[in-house]
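These are my notebook entries on a single protein model. I wrote down what I looked up, entry by entry.

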Amino acid sequence: MSPTIQSAPSARRFTLPQGLAIASALSMILLCPATAAAAPRAPPQFTDYPTTAHDQPLADSHPPLRLTTRTARRYTTVIHHAYNEPPNFAGHLRVAAWGCGTDCRNFAVLDQNTGQAYTLPNVDAIVGAMGNGDERVDFRLDSRLLIISGSFNEKPPEGKFYYLWTGQRLKRIFTEPLAVEMIDTSPVETQAPAR
């Protein structure tokens, strides 16, 4: 006796058009979340992450500066000078930025309420890409978003990296390719003057 497939007594049989309609509906249900997840979202904007009352400077607060990272201890002079300036990021923070060569920057985030200096781990240089005119480090006083454009330590990938200040660190929340304007570097052809 050969095995057979028997339909269950309560099973309903569908006509071809009904079966196609059900299959189409199921595929839409299954594919829509995948399509939505695969669709690129727009990069964050400064206005997406406004400062709150919690982010404001404390009255009469300017505790001693604490340089606890290797990078912060290496650039102590520029960081100490910046710490005495008014906040310029996320309400009560001061971003101290310094050059490290041609189109190269690095920075520290200084919390003027606690005295803590924060740096990105293992980052000694943020280097730009030829043909990209974005600021290497971009931020606003009224926003908790900080944007870095370029590459870290002259290593790929080059990109635009979006960080959110969480209250104790910068957390990367979005990355996109770096917009680069193509520059013609081919030699200029010269023509001999007409005689």
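Entry 1. Before placing any residue in a loop, I noted that helices (H or I, at least four residues) and strands (E, at least two) are DSSP runs, numbered from the N terminus. The model I examined is predicted.

With that in hand, I looked up Asn 153, which sits in the loop between β6 and β7. Its contacts, leaving out neighbours within four places in sequence, are Asn 122, Val 123, Asp 124 and Ala 125. I then checked one of these partners by distance: the C-alpha atoms of Asn 153 and Val 123 are 6.2 Å apart, although 30 residues separate the two in sequence. Asn 153 is partly exposed because its relative accessible area is 25%, and that class lies between the buried limit of under 20% and the exposed limit of over 50%.

Entry 2. I turned to the overall make-up. I found 3 helices and 8 strands in the protein. Read from the N terminus, the order of elements is α-α-α-β-β-β-β-β-β-β-β. Of the 195 residues, 32% count as buried. The accessible surface comes to about 13,300 Å², and carbon and sulfur atoms hold 58% of that surface. I also looked up contacts with a separation of 6 or more: 51% of them are made by residues 24 or more positions apart.

Entry 3. Which residues have the most contacts inside the largest nonpolar core? I recorded Phe 89, Phe 107, Ile 148 and Leu 170, in a core of 17 residues. The strands β1 (93-99), β2 (104-111), β6 (145-152) and β7 (155-165) each contribute at least two residues to this core. Another core lies apart from it and has 11 residues, among them Leu 65, Ala 72, Ile 79 and Trp 98.

I followed Phe 89 further. Setting aside neighbours within four places in sequence, I listed among its contacts Val 95, Val 109, Phe 139, Leu 145, Trp 165 and Leu 170.

Entry 4. I next examined Asn 88, found in the loop between α3 and β1. Is Asn 88 buried or exposed? It counts as buried because its relative accessibility is 17%, and the limit for buried is under 20%. Beyond four places in sequence, Asn 88 touches Leu 93, Arg 94, Val 95, Phe 139, Arg 140 and Leu 141. The C-alpha atoms of Asn 88 and Phe 139 are separated by 7.9 Å, while the two residues stand 51 apart along the chain.

Entry 5. I searched the backbone for exceptions. Most residues other than glycine have a negative phi, and most peptide bonds are trans. Ala 90 has a positive phi of about 50° although it is not a glycine. Ala 90 lies in the loop between α3 (76-83) and β1, and it is buried, with a relative accessible area of 0%.

Asp 103, also a residue other than glycine, has a positive phi near 50°. I placed Asp 103 in the loop between β1 and β2. With a relative accessible area of 33%, Asp 103 is partly exposed.

For the peptide bonds, I noted that the one from Pro 156 to Pro 157 is cis, with omega near 5°. Pro 157 belongs to strand β7.

Entry 6. I then looked for empty space. Rolling a probe the size of a water molecule over the atoms shows where empty space is left. The largest pocket has a volume of about 200 Å³. Which residues line this pocket? I listed His 54, Asp 55, His 92, Asp 111, Asn 113, Thr 114, Tyr 118, Arg 144, Trp 165, Thr 166, Gly 167 and Gln 168. By type, the lining has 2 nonpolar, 7 polar and 3 charged residues.

From this list I chose Thr 166, which lies in the loop between β7 and β8 (170-177). Thr 166 counts as partly exposed, at 46% relative accessibility. Its C-alpha atom is 9.6 Å from that of Leu 145, a residue 21 places away along the chain.

Entry 7. My final residue was Thr 76, found in helix α3. Its relative accessible area is 31%, so it is partly exposed. The C-alpha atoms of Thr 76 and Leu 65 are separated by 9.9 Å, with their positions 11 residues apart in sequence counted as distance along the chain.

Definitions and conventions
Residues numbered from 1 in each chain as written. Predicted model: local features only at pLDDT ≥ 70, side-chain atom pairs only at ≥ 80, totals over all residues. Heavy atoms only, no water. 1 Å grid on protein atoms, 1.4 Å probe; cavity = no way out; pocket = protein on both sides within 12 Å on 5 of 7 lines; lining within 4 Å. Points joined across faces, edges and corners; volume = space filled by probe spheres on them. Nonpolar A, V, L, I, M, F, W, Y, C, P; charged D, E, K, R; others polar. Core = buried A, V, L, I, M, F, W, Y, C linked by side-chain atoms within 4.5 Å. Buried < 20%, exposed > 50% of the residue type's maximum accessible area, 1.4 Å probe, protein only. Contact = heavy atoms within 4.5 Å. Areas by Shrake-Rupley, 256 points an atom, 1.4 Å probe, with all protein chains shown as cover.
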